[in-house]
Amino acid sequence: MTKGPDLFTRVELRQKTGIPDDVLNYWMREGVIRAREGGDGRGKPRRFDYPEIMLAAILDDLRGFGLNVAAI
């Protein structure tokens with residue numbers, strides 16, 4: 001399977017932001033961050049675009065200040 005232009009896997013998102021997997025999983029379940037493609041079942045990995053990576057990084061900074069998803 002080939003990646004689309006400027007799309008990143010969840011592993012790449014984690015590597016770029018340093019956000020733990022459990023936090024990313026929670027944010028995806030809650031719809032805070034959304035994959036641009038994939039995630040429709042097994043064998044279709046989620047791919048994220050650059051704005052979603054930036055959003056995740058900003059949310060992680062806010063999380064560092066003690067804000068949770070409900071507060072954001």
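Me: What covers the buried residues of α3?

Reply: Bear in mind that we're reading a predicted model. For a helix packed against other parts, ask which elements touch its buried face. Here the cover includes β1 (7–9), α1 (10–17), α2 (21–30) and β2 (47–49).

Me: Which residues of α3 are buried, and which are exposed on the other side?

Reply: The buried ones are Glu52, Ile53, Ala56, Leu59 and Asp60. They sit on the same side of α3 because they cover an arc of only 125° around the axis. Over on the other side, Pro51 and Asp61 are exposed.

Me: Why do residues three or four places apart point the same way in an α-helix?

Reply: There are 3.6 residues to a turn, so such a step brings you back to the same direction.

Me: How far does α3 reach from its first C-alpha to its last?

Reply: With 15 residues, 50–64, α3 reaches 21 Å, close to the 21 Å expected at 1.5 Å a residue. Just after the helix, look at Gly66, where phi is positive, about 95°.

Me: On to the core. Which residues make up the largest nonpolar one?

Reply: That core has 12 residues: Phe8, Leu13, Ile19, Val23, Leu24, Trp27, Met28, Ile33, Phe48, Ile53, Ala56 and Leu59. The elements giving two or more residues to this core are α2 and α3, and α2 gives the most, with four.

Me: Say I click on Leu13. What is leucine 13 in contact with, leaving aside its neighbours within four places in sequence?

Reply: Skipping those neighbours leaves the contacts made by the fold. For Leu13 they are Gly18, Leu24, Phe48, Ile53 and Ala56.

Me: Now a polar residue. Is threonine 17 buried or exposed?

Reply: Thr17, in helix α1, is buried because its relative accessible area is 17%, and the cut-off is under 20%. Then check where the side chain's polar atoms go. A polar atom of the Thr17 side chain lies 2.8 Å from the backbone oxygen of Leu13, and one lies 3.3 Å from the backbone nitrogen of Ile19. Beyond four places in sequence, Thr17 is in contact with Ile53, Ala57 and Asp60.

Me: And what is aspartate 60 in contact with, under that sequence filter?

Reply: Asp60 touches Thr17, Ile19 and Trp27. At 18% relative accessibility, Asp60 counts as buried. Its side chain also meets that of Arg63 in a salt bridge, 2.8 Å from N to O. Both residues lie in α3, three residues apart, about one turn of the helix. Arg63 itself is partly exposed, with a relative accessible area of 35%.

Me: How many salt bridges does the structure hold?

Reply: Three. To read them, follow each charged pair and ask where its ends lie along the chain. Asp21 and Arg10 meet at 3.9 Å, N to O. That pair links distant parts of the chain, with Asp21 in α2 and Arg10 in α1, 11 residues apart. Arg14 also forms a salt bridge with Asp21, the closest N and O atoms being 3.1 Å apart.

Me: Which residues do salt bridges that share partners join into one network?

Reply: Arg10, Arg14 and Asp21. As for accessibility, Asp21 is partly exposed at 28%, Arg10 counts as partly exposed at 27%, and Arg14 is partly exposed at 28%.

How values were computed. Residues numbered from 1 in each chain as written. Predicted model: local features only at pLDDT ≥ 70, side-chain atom pairs only at ≥ 80, totals over all residues. Heavy atoms only, no water. Expected span 1.5 Å × (residues − 1). Buried < 20%, exposed > 50% of the residue type's maximum accessible area, 1.4 Å probe, protein only. Arc of directions from axis to C-beta. Contact = heavy atoms within 4.5 Å. Core = buried A, V, L, I, M, F, W, Y, C linked by side-chain atoms within 4.5 Å. Polar contact = N/O pair within 3.5 Å; in protein donor to acceptor, adjacent residues only side chain to side chain. Salt bridge = Lys/Arg side-chain N within 4 Å of Asp/Glu carboxyl O.
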